[in-house]
Amino acid sequence: MEFKPRFLASAVGSMPHADAADAVDVVLAAIPEAPIWPQLSGRGLNEQMEIQYSEGMPCRSIDREKGRMFFDTSGDYTDAFTEFYEAYIQACDPDEGTGDVSSMALSEDFAAGIFELEQRLAAEGGKRPFVKCHTTGPCSFALTIVDENKRALWYNEEFRDVIIKALAMKCRWQIQKLQSFADNVICFIDEPILAGFGSSTYVSVSRDEVLAALGELVEAIHAEGAIAGIHCCGNTEWSIPIDAGADIVNFDAFQYGETIAMYPEHVKRHLESGKVLAWGVVPTSAEIREQTVETLVDHYEKMVDNLVEKSGLDRRLIYDQTILTGSCGTGSMEVADAEKVFAITGELSQALRAKHGI
């Protein structure tokens, strides 16, 4: 999908607020053109990154005393898998599927933010240019969550496939829930674990497997007519999200801004095909206390200079195909610092549009 965001301001999902209404207040004030629903990890175990998206997955077990989730693969899970795949095929078959992915819905107990955002947007009426939702990516989910023997689920091909398809359905459910409130819905696949791809820890994880997993979620997002993004908050092989078909590649441009230019041909093809880079130029750490709109404008322009030099891309094309975000989510920050991240992201958007006559 081709679109020109031209310094559109948005955000990665997590926020430190305990109350969903307070978080949505911040979102709608700071990034009104592309608001997100806030993931509120401070509300408790249910809104932790992987647990939040686990409802409905077969064989899931949450140990609330130990504060962890695992999948019990020890018993006969034939019936549970059969039920899951029947629901998946009925909903997602490309020719005869109903599109009803409610078996993988998020509940208010696990995702208060999406219900709060929905309520607020419904009350105001009309449509925003964009609304953004997000799902923990299949690599981060299946390489983080383990079975009863503490073995990552990624290495169990049966469970890996279920997780991929369940997350694809959760993407589609969110898009369906929000699409009446926006001209376009953006859905991010959050993959922080891609920062470790190629390391000794994940040496047995193949590039083709990662591309297949990400591609399945991208395809599900596109099936709903939405825009697919892939976010990684560390350095990674940036050709992976591009080759997986993402419309938007979101990267930490504050700490790792120069790394995107290490893949000049991939980035050139990505942008020239009408796709987008989401520059996470606003730091989501205590560094935000030392930053101003002016310092971040300068930093962004230096990163663009580097990309132009390495790729030969037209500078105006880069500007047209830029979204601005924080470098990662703000869930682990102090509330005041997180709110500054949101405020300065919106102000940065305005400043760059004014500077470049957009």
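1. Let's start with a pair of helices. In this predicted model, helix α9 (residues 293-311) and helix α11 (residues 335-355) have axes that come within 10 Å and cross at roughly 60°. The crossing of α9 past α11 is right-handed. Those are handy figures to have, since two packed helices are described by the angle between their axes and the distance between the axes.

2. Which residues of α9 and α11 meet? From α9 you'll find Val293, Leu296, Val297, Tyr300 and Glu301. On the α11 side, the partners are Ile344, Glu347, Leu348, Ala351, Leu352 and Lys355. Pick these out in the viewer and you have the meeting of α9 with α11 in front of you.

3. Glu301 deserves a stop of its own. This residue sits in helix α9. Is Glu301 buried or exposed? Its relative accessibility is 10%, so Glu301 counts as buried, the cut-off for that being under 20%. The side chain of Glu301 makes a polar contact of 2.7 Å with the side chain of Tyr319. If you set aside residues up to four places away in sequence, Glu301 touches Arg315, Tyr319, Leu352, Lys355 and His356. Leu352 and Lys355 are also among the α11 residues listed where α9 and α11 meet.

4. Helix α11 turns up again when you look at helix α1 (residues 20-30). The buried residues of α1 pack against α3 (112-124), β4 (128-136) and α11. Those buried residues are Ala20, Ala23, Val24, Val26, Val27, Leu28 and Ala30. At the N-terminal end, α1 is capped by Asp19, which has a side-chain oxygen 3.0 Å from the backbone nitrogen of Ala21.

5. Next, helix α2 (residues 78-92), which lets you do a quick length check. With 15 residues at 1.5 Å a residue, α2 should span 21 Å, and its end C-alpha atoms are indeed 21 Å apart, so the two agree. If you wonder how 15 residues lead to that value, the expected span is 1.5 Å times one less than the number of residues.

6. Now for the two sides of α2. Phe81, Phe84, Tyr88, Ala91 and Cys92 are buried. Looking down the axis of α2, you see these buried residues within an arc of 105°, so they line one face of the helix. The general background is that an α-helix has 3.6 residues a turn, so residues three or four places apart point the same way. Over on the other side of α2, Asp79, Glu83, Glu86, Ile89 and Gln90 are exposed. What do the buried residues of α2 pack against? Their partners are α5 and α6 (207-223).

7. That brings us to α5 (residues 157-178), where Asp161 lies. The side chains of Asp161 and Tyr85 are joined by a polar contact of 2.5 Å. Asp161 has a relative accessible area of 24%, so it is partly exposed. For a sense of scale, its C-alpha atom is separated by 30 Å from that of Ser273, 112 residues apart along the chain.

8. Two residues have backbone angles to look at. Most residues other than glycine have a negative phi, and most peptide bonds are trans. Arg6, which is not a glycine, has a positive phi of about 45°. You'll find Arg6 in the segment before β1 (8-9), and at 31% relative accessibility it counts as partly exposed. Cys59 is the other one to check, with a positive phi near 75°. Cys59 is in the loop between α1 and β2 (60-63), and its relative accessible area of 21% makes it partly exposed.

9. For a loop residue, try Glu108, found between α2 and α3. Not counting neighbours within four places in sequence, Glu108 is in contact with Arg43 and Phe115. The C-alpha atoms of Glu108 and Asp183 are 25 Å apart, with 75 residues separating them along the chain.

10. Last up is Ile248, in strand β8 (residues 248-251). With a relative accessible area of 0%, Ile248 is buried. Beyond its neighbours within four places in sequence, the contacts of Ile248 include Phe3, Ile186, Phe188, Ile227, His270, Val276 and Ile323. Its C-alpha atom and that of Ser107, 141 residues apart along the chain, are separated by 27 Å.

Methods. Residues are numbered from 1 along each chain as its sequence is written. This is a predicted model: local features need pLDDT of at least 70, side-chain atom pairs count only at pLDDT 80 or more; totals for chains, interfaces and linings use all residues. Side-chain values use heavy atoms; hydrogens and water are left out. Helices (H or I, at least four residues) and strands (E, at least two) are DSSP runs, numbered from the N terminus. Buried means under 20% relative accessible area, exposed over 50%, partly exposed in between (1.4 Å probe, protein chains only). A polar contact is a pair of N or O atoms within 3.5 Å; within protein, one must be able to donate a hydrogen and the other to accept it, and residues adjacent in sequence count only if both atoms are side-chain atoms. The arc is that of the directions from the helix axis to the C-beta atoms. Contact means heavy atoms within 4.5 Å. Axes are lines fitted to C-alpha atoms, for helices over the stretch in contact, and angles run from 0 to 180 degrees between N-to-C directions. A crossing is left-handed if the near helix is turned anticlockwise from the far one by less than a right angle, and right-handed if clockwise.
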